[in-house]
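Got the viewer up? Let's walk through this one stop at a time, selecting as we go.

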Amino acid sequence: MEQEIGTWDSVLLENLSEDSFINNIHQRYKRDHIYTYIGTSVVALNPYHHISEHSLEIIRDYGNKGIFQLPPHIYGLTNLAYQSLKDQSEDQCVLLTGEGGAGKTETFKMIVNFLTHIQDKSQANALRKQSSSSSASGIILPAHPRSTSSCSGNANFIICKSNAMNSRRQSPSPGPCTVAGPGASPSATQRSRSHTESIERQARRNQREKYVDFDFSHHKSTENISTLLESTATTATPTATPMLTPTPMPGHLHPTKSCFKHQQTQVNSCTANVSRLTSKHLHAAGCRQCGHSKCTRAQSLEKEERDAALQMLRGSNNRLPLSSSAATAQSQLQRGSCSNLVRQHSTESQPERQQSISMGSTQRISLYDAHKLSKVLGSSSISPTPSASSSLHRRHKSPSQRLRECVTCADVFLEAMGNACTLKNNNSSRYGKLFDIEIDFKGDPMGTRITDTVIGERNFHIFYQLLLGADLQLLKSLKLFRNVEKYELLRNTTAIEEDRTNFHYTKRSLDVLGLSCDEINSIFRVIAVVLKLGNFIFVPVTNIDGTEGCQISNVYEVQETAQLLNLEAQILINCLTRANSTSSTQEDVGCEMDARQAASYRNTLCRTLYSRLFTWLVNKINETLKSTQREKNLALLDFYGFEVLDHNSFEQFAINYSAEKTHQNFVFNVLRSEQELYLREGLEWSRIDYFDNESICELIDKPSYGILSLINEPHLSSNEALLLRVQQCCAGHPNFMTSGSNSMCFQIRHFANVVNYSIHRFLEKNSDMLPKYISTGFYQSKLSLVQSLFPEGNPRRQPSKKPTTLSSNIRTQLQTLLAIVKHRRAHYVFCIKPNECKQSHQFDMALVQHQVRYMSLMPLVHLCRTGHCYHLPHSKFFHRYKLLNSLTWPHFHGGSQVEGIALIIRNLPLPSAEFTLGTKNVFVRSPRTVYELEQFRRLRISELAVLIQKMFRMYHARKRYRLMRHSQMVISSAWRTWRAREEYRTLKYKRQVKWAVDVIARYYHQWKIRQYLLTIPLRLPPNTLSPLSSEWPAAPNFLQDASRLLRAIYHRWKCYIYRNSFDQTARNRMREKVTASIIFKDRKASYARSVAHPFVGDYVRLRHNQQWKKICAETNDQYVVFADIINKIARSSGKFVPILLVLSTSSLLLLDQRTLQIKYRVPASEIYRMSLSPYLDDIAVFHVKASEFGRKKGDFVFQTGHVIEIVTKMFLVIQNATGKPPEIHISTEFEANFGQQTVIFSFKYGGMSDLAQGPPKVTRKANRMEIIV
């Protein structure tokens, strides 16, 4: 096993301090051990160079082991969350924290890579066994040094010594020396293994072992391939034995190894020289013509496709001899990496590295290349054409494989759309994302980068990929040029050659996600429109009346943009040069704008168009990845990292606020909540001090006085006024500082650093809203995607409320994301940036110390060292682990749950000091104890499964015995059949006679049926069309059932004729009667009395009242559904108060019966329930929602003789107003809300007394109101 440096888990450091913690991660970082545990959390340092820890073999190793059985890795934490989700049915969440450039995005992709391949480990193990058994003289590939387990009997342990009360079990950590066998010296061991190691090194060369390395800084990757196999599998003749020949496979996307300059000419050269190739290894470091090092990417993909073809041939023909090296390549190439693009080290800057890897080549492999590798491995490489291969592969995909491919492709395209190059990060995520492994992908872009870039930075990747990677036909259809400098949005930026290749995989990802060709074309057209809008040049002009206006000088750009949008060119010109213009094609509509204002609206349009396109794509991806059933969830949260630039504006303010809230979530859920839990549970605990940034969050998002609230105040018209307002409200805050009297800046002391924010353009960026007339103009586009991006431009659509600002959206979205992960078990990954220079093996002690402090890592280490890593409530712990003891399984009758838990713990082969019983929870100290406890549970479950199998086998054997016994009985009865054959012959004549009788009787019955059916119309009485008529001709006895069916059908037909004669008023009354029957029949005793009485509705003729007509014109309650004088029951005394109740189509009104003054008006949508008793009383309770009105007034209690009618009409009004029916609650006892008090209504039947003739008796007793009926 490779020697490990330092301590795996920082909790186990002997002399724990900040210096020892940083020194430990420093020593590990120097040996490329970038991961260190803090309990079950992971500290990840950005290595800024390539490490070999991301193969599918390592994923399988970490998927089969516990978190502390292998060296620290992000896969270990991910597997812990994954196994916890499966075993405990508890939602999990992995949160990534760290400042910008610390490697969060790359770590996020590694987690997704692990989760999308962990299900394949069983298949991979079977494939590995098959490969090892198919090789006659193969060499066993040794395990990777970082993948071997450290939990063997000879492993060294570092034990943290403490007193007996605070002792805790320790996880294994390697010592400073290599473990050797007993009785052997290190020198003797090394001499005895020298020959074996040389053989293994040669075997690894022959087996073409591949290591995939990552660079967290540039978010790109390289691959070191020790040797390249230049051979594929073909068959000579149908009868000959298949052999491995160096014939290139046809139909590959990368057929030759060449650069983009010599790719076409190299095809012919490789084809001409293919006959001279042999099976020996090729040693090349670049293009065969120009030596271009970037071309090795094509060489690698060609080699991997041929290896995949060799694998497919082996699966299709078992006679093909496959060596162990091919089997190794086969098993190692089955991976789908989720790495990002990495910047390649140039050959000029690293001549020594080129010499050291003369057996391979340094190449650039991106996320798109990894997606291509997985496509090649999963498809049939021996198909005649790539299209046929892709279609065949898609037909044979399982739903889980399809889902994993969609997840990868979603990440591919969203990276192209939402990632850009900044000064500190070459692949910075400009959007926050949440993967909810169900799977739900959420995110919103920081779209302000569309029109505002800095020198040295790049815009979003999709622009460069489209310009460089699209073919000429696509560029011509999009009216675009290859040159990046022709577009203002991309001015002063550079495109790299890799953008050309990545466009193929970006476009391919849209197809995999299920988007149609028209939708893909529309997406590219919208992106092209954004690029071309940035080129619009506005020239100021002076009108005749002296006002300033503007014109677009490059009209050809306008024409091409209008063609892309399928929009009239004049409409587009009016939208950008004339304010408040309509969708008309005339030139003199609206008022003209100056050039500066037009340019500002142009930039806003670009940002809005791109941002809405991104949101539309996210929604489409969510529809593709939507799950049909909801069970367990594992969320991955990768939000903005803390960012400090030379010039910090509104974007950095929003990003740092997001980082502040994420850190506050960690502080609250871990450092604060855990310690408070220990104190509540009565555990002995010494408080661990930590920095709580809650005051900083209140400074930013406090209602009314926070900076986010101050930005949204409507009366602020300038940035100067905003700065003055912020200084007035936040001057006394300890974390707020001013930058000077004449400075347009303010400072905030964040949890990570003090940041100086420039107030310039704060209000403009916050209220970056598109005018309504521009949306209306763009809605005129014939492109369906553009119409869906501007729904507010639809003239038929009702005007919505005032659009929200960007700061409000950020706060709402952040609260939504944190609310999702609030109630889940969280696992934290702390990403640390070791230096600002992006150099490998450089460790800036001051920078790392600063990050360790503001991330509160030392309080976390102390908490994990002295606290407990795991806790469960008593009931959950008992029910989960009671199967470990025979006295508690399956039922425990020996006492309380606490006694059962103590019995379980005493009988476990684990130290009792590892467990602590609180008042409500059981605490476990070390993660290793939790792992062993789960292992014991899995073993016990296996034993129980064996017991179930035994019982099933017994059942199966008994069933087989019964079947055999039945067969014996059938055989024994055969001779009885022979004996009865003679008797059968004597009975045959009788049966024939009986058959003849049956035939005659059947024909007679048919004749009777026909006669009956033909005479029914002649025997019906003349007045039978009335639904009340019950006359029907008599039928024979054997036709009684048919007669009843015909009579019912005839009655329904008469009812149908009768209903068709109704007018609209009669229909409405009948509908109300039917609704009342559905609601009250067999539920309300007084319903039978209301059936014969028609529903009049307006009993007081309120519709003709002139005063009412004036009132209803003000309240928009013109149509009166019901109006009558009823009794309103007083809440305090239960007395009856006469009042006029009016029910309109939209609300319920209570008026004074004399003056018609409105006392209460309740919208119909506010009433959600109506409660009644099942007796003969006429009391109904209307429940109002807990809104401002509901909390103030509460529910209403009415008594009326028309209670059936008013409840029925109220039911229909609410259903028409809200789209769903209200709840009708009929019970003898229910609750009602009287403002700030909840009262229980209790109905009692008083018997046949004097109360039956008068109103019911209502009495109020405290919070109960009794009604005797």
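Start by selecting S522, which sits in helix α17, residues 517-533. Helices here are DSSP runs of H or I with at least four residues, strands are runs of E with at least two, and both are numbered from the N terminus. Before going on: this is a predicted model, where local features need pLDDT of at least 70, side-chain atom pairs count only at pLDDT 80 or more, and totals for chains, interfaces and linings use all residues. Residues are numbered from 1 along each chain as its sequence is written, and side-chain values use heavy atoms, with hydrogens and water left out.

Is S522 buried or exposed? S522 counts as buried, because its relative accessibility is 9%. The cut-offs: buried means under 20% relative accessible area, exposed means over 50%, and partly exposed is in between, using a 1.4 Å probe and protein chains only. Now show what S522 touches: setting aside residues up to four places away in sequence, that is L783 and L785. A contact means heavy atoms within 4.5 Å.

**Next: α17 against α18**

Keep α17 on screen and add helix α18, residues 555-565. Two packed helices are described by the angle between their axes and the distance between the axes. For α17 and α18 the axes are 9 Å apart and the angle is about 160°, which makes the pair roughly antiparallel. On the scale used, angles under 35 degrees count as roughly parallel, over 145 as roughly antiparallel, 65 to 115 as roughly perpendicular and the rest as oblique. Axes are lines fitted to C-alpha atoms, for helices over the stretch in contact, with angles from 0 to 180 degrees between N-to-C directions.

To see the interface, select R525, A528, V529, K532 and L533 in α17, then E557, E560, T561, Q563, L564 and L565 in α18. Colour by class and you get five nonpolar, two polar and four charged residues. Here Ala, Val, Leu, Ile, Met, Phe, Trp, Tyr, Cys and Pro count as nonpolar, Asp, Glu, Lys and Arg as charged, and the others, Gly among them, as polar.

**Into the core**

Which residues have the most contacts inside the largest nonpolar core? Pick F21, I523 and L613; the core they belong to has 192 residues. A nonpolar core is a set of buried Ala, Val, Leu, Ile, Met, Phe, Trp, Tyr and Cys residues joined through side-chain atoms within 4.5 Å. Helix α20, residues 595-624, supplies the largest share of this core, at 13 residues. Centre on L613: beyond residues up to four places away in sequence, it touches M417, I523, V526, I527, L785 and L789. For another core, apart from the 192-residue one, try V1121, F1122, L1150 and I1224, which are among its 34 residues.

**α21 and α30**

Now select α21 (residues 650-680) and α30 (residues 857-866), whose axes come within 11 Å and cross at roughly 35°. From α21, pick F666, V670, L671, E674, Q675 and Y678; they meet P859, L860 and L863 in α30. That contact has seven nonpolar, one polar and one charged residues.

While you're there, click on S856, in the loop between α29 (845-854) and α30. S856 has a positive phi of about 60° although it is not a glycine, and it is buried, with a relative accessible area of 4%. Then jump to S89, in the loop between α3 (74-88) and β3 (92-97). S89 is not a glycine but has a positive phi of about 50°, and S89 is exposed at 53% relative accessible area.

**Two more loops and a helix**

S704 is in the loop between α22 (694-701) and α23 (707-711). Leaving aside neighbours within four places in sequence, S704 is in contact with S709, L710 and E713. Draw a C-alpha to C-alpha distance from S704 to C729 and you should get 9.7 Å, for a pair 25 residues apart in sequence.

Move on to P890, in the loop between α31 and α32. The peptide bond joining W889 and P890 is cis, with omega about 0°. In α32 (residues 897-906), G900, I901, L903, I904 and I905 are buried. What covers them includes α31 (874-881), β23 (915-917) and β24 (921-924).

**Zoom out**

The chain has 41 helices and 36 strands, and 50% of its 1269 residues count as buried.
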